[in-house]
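Welcome! Take a look at the model below, and then follow a short conversation between a visitor and a guide.

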Amino acid sequence: MFRPTVSVVMTTFRPGGIDLVLAGLRDQNFRDYEFILVDRRWELRHDRVQEMANEYGVPLIHVPEYRRNGPFTTFCSGWNTGIALARGEYIILCQDWTYAPPQWIEGHLFGLDGNKDRYVVAPYIYTHLPEILSKRLLDPEGQMARGGHCVEFDDILRGE
């Protein structure tokens, strides 16, 4: 049975953005990891997300977010679900719409000396994104401006 060294746990409740994290994980120099995605929209996109992970070559565990409180986001409980499922010796938490450059996992592991538990904030970037496999660009600020706060069933979720 595959037992990774690192479990990367991400929660998501918004449409889009999964391709960013998949592109970052695809390009990691450190390969002994699993990616656990706890998804509030699991029922709406599980098959497509699994297909995308396969296209990117990312080892994915995709599960629904079980604790939903109406329109409120509950990403912390989602992280708890991901941590409970994690098989890695180390766990790295990230949020949706996150791009991790190729040295991201290595950056986390570099801060550990093997003798102490630590919290490590590894490097990240805002200015450069990798090539992603997307059908069209999503404007998250425009999504927010329409009043849905990214949790209502809107034109994006209907595929319009």
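**Salt bridges, a helix and a patch**

Visitor: Hello! How many salt bridges are there in this predicted model?
Guide: Glad you asked! The model is a predicted one. A pair counts when a side-chain nitrogen of Lys or Arg lies within 4 Å of a carboxyl oxygen of Asp or Glu. By this rule, the number of salt bridges is six.

Visitor: Which parts of the chain does the pair of D96 and R14 link?
Guide: The side chains of D96 and R14 form a salt bridge, with N and O 2.6 Å apart. The two residues are 82 residues apart, so let us place each one. D96 sits in the loop between β4 (90-95) and α4 (104-110), and R14 in the loop between β1 (6-12) and α1 (18-26). The pair therefore links distant parts of the chain: the β4-α4 loop and the β1-α1 loop.

Visitor: Is D96 buried or exposed?
Guide: Buried means a relative accessible area under 20%. For D96 the value is 3%, whereas R14 has 23% and is partly exposed. With its 3%, D96 is therefore buried.

Visitor: Which residues are linked with R48 in a network of salt bridges?
Guide: Let us take the pairs in turn. R48 meets E51 in a salt bridge of 2.8 Å, N to O, and R48 also forms one with E55, where the closest N and O atoms are 3.5 Å apart. The residues linked with R48 in the network are therefore E51 and E55.

Visitor: What separates R48 and E51 along helix α2?
Guide: Helix α2 covers residues 42-56. R48 and E51 are three residues apart in this helix, which means that they are separated by about one helical turn.

Visitor: Are R48, E51 and E55 buried, partly exposed or exposed?
Guide: Partly exposed is the class between under 20% and over 50% relative accessible area. R48 has 30%, E51 has 41% and E55 has 46%. These values fall between the two limits, so R48, E51 and E55 are partly exposed.

Visitor: Against which strands do the buried residues of α3 pack?
Guide: Helix α3 spans residues 75-85, and its residues S77, G78, W79 and G82 are buried. The buried residues of this helix pack against β1, β2 (33-39) and β4.

Visitor: Which nonpolar surface patch does I83 help to make?
Guide: I83 also lies in helix α3. With a relative accessible area of 37%, I83 is partly exposed. Together with I91 and L93, I83 makes a nonpolar surface patch of about 230 Å².

How values were computed. Residues are numbered from 1 along each chain as its sequence is written. This is a predicted model: local features need pLDDT of at least 70, side-chain atom pairs count only at pLDDT 80 or more; totals for chains, interfaces and linings use all residues. Side-chain values use heavy atoms; hydrogens and water are left out. Helices (H or I, at least four residues) and strands (E, at least two) are DSSP runs, numbered from the N terminus. Buried means under 20% relative accessible area, exposed over 50%, partly exposed in between (1.4 Å probe, protein chains only). Contact means heavy atoms within 4.5 Å. Patches are made of residues with over 30% relative accessible area and no salt bridge: like charges are joined within 9 Å, nonpolar side chains (Val, Leu, Ile, Met, Phe, Trp, Tyr) within 5 Å. Accessible areas come from the Shrake-Rupley method with a 1.4 Å probe; for residues, only the protein chains shown count as cover.
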